[in-house]
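Me: I have a structure to go through and some questions about how its parts fit together. Please keep the answers short.

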Amino acid sequence: MNQPVQTFTPQAFHQQAHAALENPQIRANFRKAMDGLMGKRREAFSDWDLETLRQLGANIRLRALSKLPDLLEQLEANCEANGIRVHWAENGEQACAMITEICRQHGASSVIKGKSMVSEEMHLNAHLEQAGIEALESDLGEYLVQLNEQTPSHIIMPAIHLNTDEISDIMHDRTGTERTRDVDAMTAAARAQLRERFMAADVGVSGVNFAVAETGTLCLVENEGNGRMTTTAPPVHIAVTGIEKVVEHLADVAPLYALLTRSATGQHVTTYFNMISSPRKAGEHDGPKEVHLVLVDSGRSRIYQDDELLDTLRCIRCGACMNHCPVYTRVGGHTYGTTYPGPIGAILMPHLMGLEATKDLPSASSLCGACGEVCPVKIPIPDLLVRLRREAVGDGVGNVPGAGVKRSRKEVAAWKSWQWLATHPNAWRGASLIAGSFRGLAPSHLGPWTEYRTAPKPAKSSLHTLIKRHRKEQDS
């Protein structure tokens, strides 16, 4: 039978980590999944000049960030010219209110959703349910997680923590599907359950992988076809995304797409790549009658003001850092108690939730450097983890909410020692070997720490002011 649903919080990270380490099923599920994903990624890039492609991806993202305020306005102008209505939200609460209001304007009682981590971040489903609007996830992994009343444990594969027997139990208990170990049969059952919901839904909600400022195009990467159904079958489509997902040119998408698919699932291309540029036009027989784009800030403009932490916004949400992280692969995503787990979550969630609530996440790392080595857009994750550790004990510049969280002298001394080890590779290797002799956890290879500063850093901008101005204009 599937495990009872648990509630996870970042404040209880250590207790949750110990519980996960003592759960052989969780460890076996993740070990099998992560080994497969790492192998597929390695094979997918075997014939590529990976470092050149990574550098190109990093520079594309840095260029877009350096022009972000202008690109956001260009995106808005071109989307509006294409017939897509654009809305600006300072935080998740405002974004939820906007989406709820759009649903109410159309008398919607049901929403079908494609996978969107931003919607998870702002707890959209709960807000819609409070408004009397049913929200159903259409991504198979998200659907299973929703049936089990859980949150995703991975940003690409939400149900990666579940094995075949657990999934069979969930579907049997929640939908009456006959128990089976036949994966194809379970998939077919889920497809039958979801297909009628696509056709009956009043509104479709999706995420956005890349928003192209040059053309006003919303790009959506997927494998199951649920994204295409979600964005075309209902009469209204609402796309929601963080403001950092903007790219300057349509040509920028191709290299980022090549990096994303290979880094995430080891695929050369995904089954579907959707490009949405307008609602249904005269003479067309399908597609939504209205398309809305909700641009969400939620602290991203604050990250943008910091020359170092800005690198966090490069992320293309591939999950490669999680797949290669020796901590994540042993404890799983729910242990972190946050929307974004693993290395990327450890550097992003402090901005979204504050360091007081997430102070243990930056320290949930061996600082082996694997996350930085595999990041397709070269985010220097180890450097940012160290920066956030300093912030957490009051040594940083204080740009992160809750910086300088009070700790005991003993705890501060321990992290000072850890920081010294982390900046002296020979001492770190020695300490790792000593620790490994007791715990068997010493990594077989310690990757080099690298600095990625070949592209110019974006200048500071009044991005937050831009968001507020657009919100005031909409309110008036």
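Me: Which handedness has the crossing where α9 passes α10?

Reply: The model is predicted, so every value here is computed from it. Helix α9 covers residues 164-175 and helix α10 covers residues 183-200. A crossing counts as left-handed if the near helix is turned anticlockwise from the far one by less than a right angle. The crossing of α9 and α10 is left-handed.

Me: At what angle do α9 and α10 pack, and how far apart are their axes?

Reply: Two packed helices are described by the angle between their axes and the distance between the axes. For α9 and α10 the angle is about 35°. Their axes are 11 Å apart.

Me: How do the residues of the contact of α9 with α10 divide into nonpolar, polar and charged?

Reply: From α9 come Thr 164, Ile 167, Ser 168, Met 171 and Thr 175. They meet Val 183, Met 186, Ala 189, Ala 190 and Gln 193 in α10. The residues of this contact divide into six nonpolar, four polar and no charged.

Me: Which strands stand at the edges of the open sheet?

Reply: Six strands form this sheet, with parallel pairing, in the order β1-β10-β7-β4-β2-β3. From one strand to the next, the twist averages 25°. An edge strand has a single partner, so one of its sides is left without a neighbour in the sheet. The edge strands are β1 (84-89) and β3 (134-137).

Me: Which residue in β10 stands opposite Arg 85?

Reply: Strand β10 spans residues 290-296. It pairs with β1 in the parallel sense, over six bridges. Opposite Arg 85 stands His 292.

Me: Which helix lies across β1 and β10?

Reply: The helix in question covers residues 68-82. It runs at about 145° to β1. This is helix α4.

Me: How many of the residues of β6 are buried?

Reply: Strand β6 covers residues 217-222. Thr 217, Cys 219 and Val 221 point one way, while Leu 218, Leu 220 and Glu 222 point the other way. Both sets are buried. The count is six of six.

Me: Which residue in the hairpin of β5 and β6 takes a positive phi?

Reply: Strand β5 (residues 210-212) runs antiparallel to β6, and three bridges join them. Phe 210 stands opposite Cys 219 in β6. Four residues lie between the two strands, and phi is near 70° at one residue of the hairpin. That residue is Gly 216.

Me: Which residue in β9 stands opposite Glu 222?

Reply: β6 also pairs with β9. This pairing is antiparallel, over five bridges. Facing Glu 222 in β9 is Tyr 272.

Me: How many residues apart in the chain are Phe 13 and Tyr 336?

Reply: Phe 13 and Tyr 336 form a tilted aromatic pair, 5.4 Å centre to centre, with 50° between the planes. Phe 13 sits in helix α1 (residues 13-21), and Tyr 336 in the loop between α15 (328-331) and α16 (342-353). The pair therefore links distant parts of the chain, 323 residues apart.

Me: Is Phe 13 buried or exposed?

Reply: Buried means under 20% relative accessible area. Phe 13 has 5%. Its partner Tyr 336 has 1% and counts as buried. For Phe 13, too, the word is buried.

Me: Why is the pair of Tyr 257 and Phe 273 called tilted?

Reply: A pair of aromatic rings is described by the distance of the centres and the angle of the planes. The centres of Tyr 257 and Phe 273 are 4.7 Å apart. Planes under 30 degrees apart count as stacked and over 60 as edge-to-face, with the rest tilted. The pair is tilted because its planes stand at 45°.

Me: Is Phe 273 buried or partly exposed?

Reply: Phe 273 lies in strand β9 (residues 272-276) and Tyr 257 in helix α12 (residues 253-265). Tyr 257 is buried, at 13%. Phe 273 has 24% relative accessibility, which makes it partly exposed.

Me: What is the phi of Leu 367?

Reply: Leu 367 lies in the loop between α17 (355-358) and α18 (370-374). Leu 367 is buried, at 2% relative accessibility. It is not a glycine, yet its phi is positive, at about 55°.

Conventions
Residues are numbered from 1 along each chain as its sequence is written. This is a predicted model: local features need pLDDT of at least 70, side-chain atom pairs count only at pLDDT 80 or more; totals for chains, interfaces and linings use all residues. Side-chain values use heavy atoms; hydrogens and water are left out. Two strands pair if DSSP finds at least two bridges between them. Axes are lines fitted to C-alpha atoms, for helices over the stretch in contact, and angles run from 0 to 180 degrees between N-to-C directions. Contact means heavy atoms within 4.5 Å. Ala, Val, Leu, Ile, Met, Phe, Trp, Tyr, Cys and Pro count as nonpolar, Asp, Glu, Lys and Arg as charged, and the others, Gly among them, as polar. Rings of Phe, Tyr and Trp (its six-membered ring) pair if their centres lie within 6.5 Å; planes under 30 degrees apart count as stacked, over 60 as edge-to-face and the rest as tilted. Buried means under 20% relative accessible area, exposed over 50%, partly exposed in between (1.4 Å probe, protein chains only).
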